[in-house]
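Me: I'd like a close look at a single part of this one. Could you take one strand, work outwards through its neighbours, and tell me what sits around it?

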Amino acid sequence: MHLVQLEALAEGGIGVRCHETFAYPGTRAELMESPKAIRKLVRRAMRAGKFRGRNVVSAMPPEQVRVMSLSYPANSSGAEAGSILKLMADRVDGNLSDYVIDYVPIRMSSRDGERLALVAVSRLEDVNNYLESLRLAGLDVNFLEIGPLAIKRLISSGSTTELRDHVLVVNIGETTSHITTISGQRLLADQEVQFGEASILNAIAKTLDLTTNMAKELVLTNGLDSTRRNAEIGDDNLDSEVVRTLVEIAKPELLRLVREINRAFLFADSESHGDARKRIFVVGGAGRWPGMAALMSSLAKMPVESFGREHMPFADESASIATFDDQQAAEMSIAVGLALRGMSTHE
């Protein structure tokens, strides 16, 4: 669970007032089934971080939301919501009244008689249960969003991207990853990929006959960049043969992710009608693994950056920025994007 509270600085800009991260007592699915456990964890985090107020912007758990691109008739100007709902009726089980559905237009101009929207759908029961759990924890939810919107707001608010950039944010989770595609100020797509941290660790553990914990320790110690030298990282004990072995095991797993990255860029190019600079940011815990960005760069044949503190839209003079390290920036990107709502012009 990640919590972030930002503040507007007197001299201008945005600073970090406080932030906290707490591990779930079990799995997220188990936590979602227990309002009591959610209340206990939230209150513990609020006390530890000395957060002020009870109003929050939160995001639905990703496993409870489907995000899809949907084409709808261009002649439905002024009635696009009705057109989208009509099309969604064939894409969900049961009645539309059982769901909460929202959308963001992607392509406003007509192409082949159609426009395009990014649609998010979640079961009404899941939304109500989530809101009730936060209410019982003492929180008032001002806005309930989805992760891709928070990511888009964060990237658009930063100083390292330009309006014409195609930006892919790859959020590597434990078992699945999400590729969020942003073009300029537009959120184009969000895709779930059956690849995660466990994909690499399980492959290493199986090949080398290790536990997954030992496999992770091996990766964190040696990294995934076979071009690194001991002198560059100040570690005379780095075993280059171990690094090469880890890279060869990880490559086939990462190539599955890279293929989806290439498809996402093809879609972004088709929607932009022109060349744009392509950028890839990796977030999530595995995004900060030593050598992860370098290995992905070599496989994708384009630069890949681990999302860090320098990409955050915080004022450099803010004293609180010193408490926010690169690892936290990678893991808390969605929470920061949520906290930026109302503080950013990129809504």
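Reply: Let's take strand 8, and start with its partner strand 11: the two run parallel and are joined by six bridges. One of the facing pairs is Val169 and Phe281, the latter in strand 11. Bear in mind that this is a predicted model.

On its other partner, strand 9, the sense is antiparallel, with seven bridges. Here His166 stands opposite Ser183 of strand 9. Strands 8 and 9 make a hairpin, and four residues lie between them.

How much of strand 8 is buried? Six of its seven residues are, so the rest of the structure largely encloses this strand.

Now step back to the sheet. It is an open one of five strands with mixed pairing, and the order is 10-9-8-11-12. At the edges are strand 10 (186–193) and strand 12 (304–306), each of which pairs on one side only. From one strand to the next, the twist averages 20 degrees. Out towards the strand 12 edge, strand 11 (residues 278–283) pairs with strand 12 in the parallel sense, over three bridges. In that pairing Ile280 stands opposite Val304 of strand 12.

As for side chains, a general point helps: in a regular strand they alternate between the two faces of the sheet.

Next, the helices around the sheet. Helix 9 lies across strand 8, strand 9 (177–183), strand 10 and strand 11, and it runs at about 150 degrees to strand 8.

Strand 8 also has a part in covering helix 6. The buried residues of helix 6 are covered by elements that include strand 8 (166–172), helix 7 (212–222), helix 9 (240–272) and helix 10 (292–300). Which residues of helix 6 are buried? They are Glu197, Ala198, Ser199, Ile200, Leu201, Ala203, Ile204 and Ala205. The general rule for an α-helix is 3.6 residues a turn, so residues three or four places apart point the same way.

The length of helix 6 can be checked too. It has twelve residues (197–208), and at 1.5 Å a residue these should span 16 Å; the end C-alpha atoms are 17 Å apart, which agrees.

Right after helix 6 comes Asp209, in the loop that leads from helix 6 to helix 7. Its phi is near 55 degrees, a positive value in a residue other than glycine. For context, most residues other than glycine have a negative phi. Is Asp209 buried or exposed? With a relative accessibility of 70%, Asp209 counts as exposed, the cut-off for that being over 50%.

Elsewhere in the chain, Lys50 also has a positive phi, about 55 degrees, and is not a glycine. Lys50 belongs to the loop between helix 2 (35–49) and strand 3 (55–59). Its relative accessibility is 66%, so Lys50 counts as exposed.

Back to strand 11, and to Phe281, the residue facing Val169 of strand 8. How many aromatic pairs does a search of the whole structure find? One, and Phe281 is in it: its ring and that of Phe307 have centres 5.7 Å apart and planes at 90 degrees, so this is an edge-to-face pair. The pair links distant parts of the chain, since Phe281 is in strand 11 while Phe307, 26 residues away, is in the loop between strand 12 and helix 11 (326–331). Phe281 and Phe307 are both buried.

There are charges over rings as well. Lys278 lies over the face of Phe265, 5.8 Å from the ring centre. Arg341 has its charged end over the ring of Phe143, at 3.7 Å from the centre.

For a buried spot in another strand, try Leu70, which lies in strand 4 (residues 66–73). Its relative accessible area is 1%, so Leu70 is buried. Leaving out residues up to four places away in sequence, Leu70 touches Ile84, Leu87, Met88, Arg91, Arg115, Leu116, Ala117 and Val119. Of these, Ala117 is 47 residues from Leu70 along the chain, yet their C-alpha atoms are separated by 5.3 Å.

Finally, the wider setting. The chain has twelve helices and twelve strands. Of its 347 residues, 47% are buried. Among contacts with a separation of 6 or more, 63% are between residues 24 or more positions apart.

Terms used
Residues numbered from 1 in each chain as written. Predicted model: local features only at pLDDT ≥ 70, side-chain atom pairs only at ≥ 80, totals over all residues. Heavy atoms only, no water. Expected span 1.5 Å × (residues − 1). Buried < 20%, exposed > 50% of the residue type's maximum accessible area, 1.4 Å probe, protein only. Contact = heavy atoms within 4.5 Å. Pairing = 2+ DSSP bridges. Axes fitted to C-alpha atoms, helices over the stretch in contact; angles between N-to-C directions. Phe/Tyr/Trp six-rings, centres within 6.5 Å; stacked < 30°, edge-to-face > 60°. Lys NZ or Arg CZ within 6 Å of the ring centre and 35° of its normal.
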